[in-house]
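Open your viewer, get the selection box ready, and follow along stop by stop. Each stop tells you what to select and what you will find there.

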Amino acid sequence: MRPSTTIAAAFLAATLITTSASACCISEYKAPRTQPLESLIRRITVLDPICSGTYDIAVKKRTCARRDRLIERVERMGWCWGSHEFEAPRSMFYWLPCRKNRN
């Protein structure tokens, strides 16, 4: 493992342990428990903190692009990260059917 990858993995682990996922980033809250949606959403939740963190620009760019592609796949399957409430703050988002998303 390259040093930058090791550092990124350690930082990600520390972030996931010490940070409330619903307050800072995409989480698995109310996510569907069916395959392949569950595994796609789990991968998104692992990648998302890297996009809002202070990582090497190249690592951040690749990771965010990968996360965005996964989000697009989940949305094509009919699930969105949002809220039933219009203009709800991001901290109130959860997974829901896209047809019910108001954000």
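The tour begins with confidence, then visits the disulfides, the salt bridges and a few single residues.

**Before you start**

What you have open is a predicted model, in which local features need pLDDT of at least 70 and side-chain atom pairs count only at pLDDT 80 or more, while totals for chains, interfaces and linings use all residues. Residues are numbered from 1 along each chain as its sequence is written, and side-chain values use heavy atoms, with hydrogens and water left out.

**Stop 1: colour by confidence**

Colour the chain by pLDDT, the predictor's confidence in each residue, from 0 to 100. The chain average is 79, and 76% of the residues score at least 70. Which element has the lowest mean pLDDT, and which the highest? Helix α1 (residues 3–18) has the lowest, at 43, and α4 has the highest, at 94. Now select residues 4–23: the pLDDT there is below 50, and beyond near neighbours in sequence this stretch has 16 contacts in the model. A contact here means heavy atoms within 4.5 Å. The helices (H or I, at least four residues) and strands (E, at least two) named on this tour are DSSP runs, numbered from the N terminus.

**Stop 2: the disulfides**

Show the cysteines as sticks. A disulfide is a pair of cysteine sulfur atoms within 2.5 Å, and the structure holds two of them. With bonded cysteines counted along the chain, the pattern is 1-2, 3-4.

Select C51 and C64 to begin. Their sulfur atoms are 2.2 Å apart. C51 lies in helix α3 (residues 37–52) and C64 in helix α4 (residues 57–76), so this disulfide ties together parts that are 13 residues apart in sequence. For what follows, buried means under 20% relative accessible area, exposed over 50%, and partly exposed in between (1.4 Å probe, protein chains only). C51 is buried at 12% relative accessibility, and C64 is also buried, with 15%.

Move on to C80 and C98, where the sulfur atoms are 2.0 Å apart. The link of C80 and C98 is right-handed, with 95° about the S-S bond. C80 sits in strand β1 (residues 79–82) and C98 in the segment after β2 (94–97), so the pair joins parts that are 18 residues apart in sequence. Are these two cysteines buried or partly exposed? C80 is buried at 10% relative accessibility, whereas C98 is partly exposed at 24%.

**Stop 3: along helix α3**

Next, turn on the charged side chains. A salt bridge is a side-chain nitrogen of Lys or Arg within 4 Å of a carboxyl oxygen of Asp or Glu. How many salt bridges does a search of the whole structure find? It finds four.

Select R42 and E38, whose side chains form a salt bridge at 3.4 Å, N to O. R42 and E38 are four residues apart in helix α3, so about one helical turn separates them. R42 is partly exposed, at 38% relative accessibility, while E38 is buried, at 17%.

Keep R42 on screen and add T45, which is also in helix α3. A polar atom of the T45 side chain lies 2.7 Å from the backbone oxygen of R42. T45 is buried, with a relative accessible area of 9%.

**Stop 4: the network around D48**

Select D48, R67, D68 and R90, which are linked in a network of salt bridges. Start from D48, which is buried with a relative accessible area of 3%.

D48 forms a salt bridge with R67, the closest N and O atoms being 2.7 Å apart. This pair links distant parts of the chain, with D48 in helix α3 and R67 in helix α4, 19 residues apart. Both D48 and R67 are buried.

D48 also forms a salt bridge with R90, the closest N and O atoms being 3.9 Å apart. Here D48 in helix α3 is linked to R90 in the loop between β1 and β2, 42 residues away. R90 is partly exposed, with a relative accessible area of 43%.

**Stop 5: a residue in the loop**

Finish at E87, in the loop between β1 and β2. What is phi of E87 near? Phi is near 55°, a positive value in a residue other than glycine. E87 is exposed, at 61% relative accessibility.

Technical notes:
A polar contact is a pair of N or O atoms within 3.5 Å; within protein, one must be able to donate a hydrogen and the other to accept it, and residues adjacent in sequence count only if both atoms are side-chain atoms.
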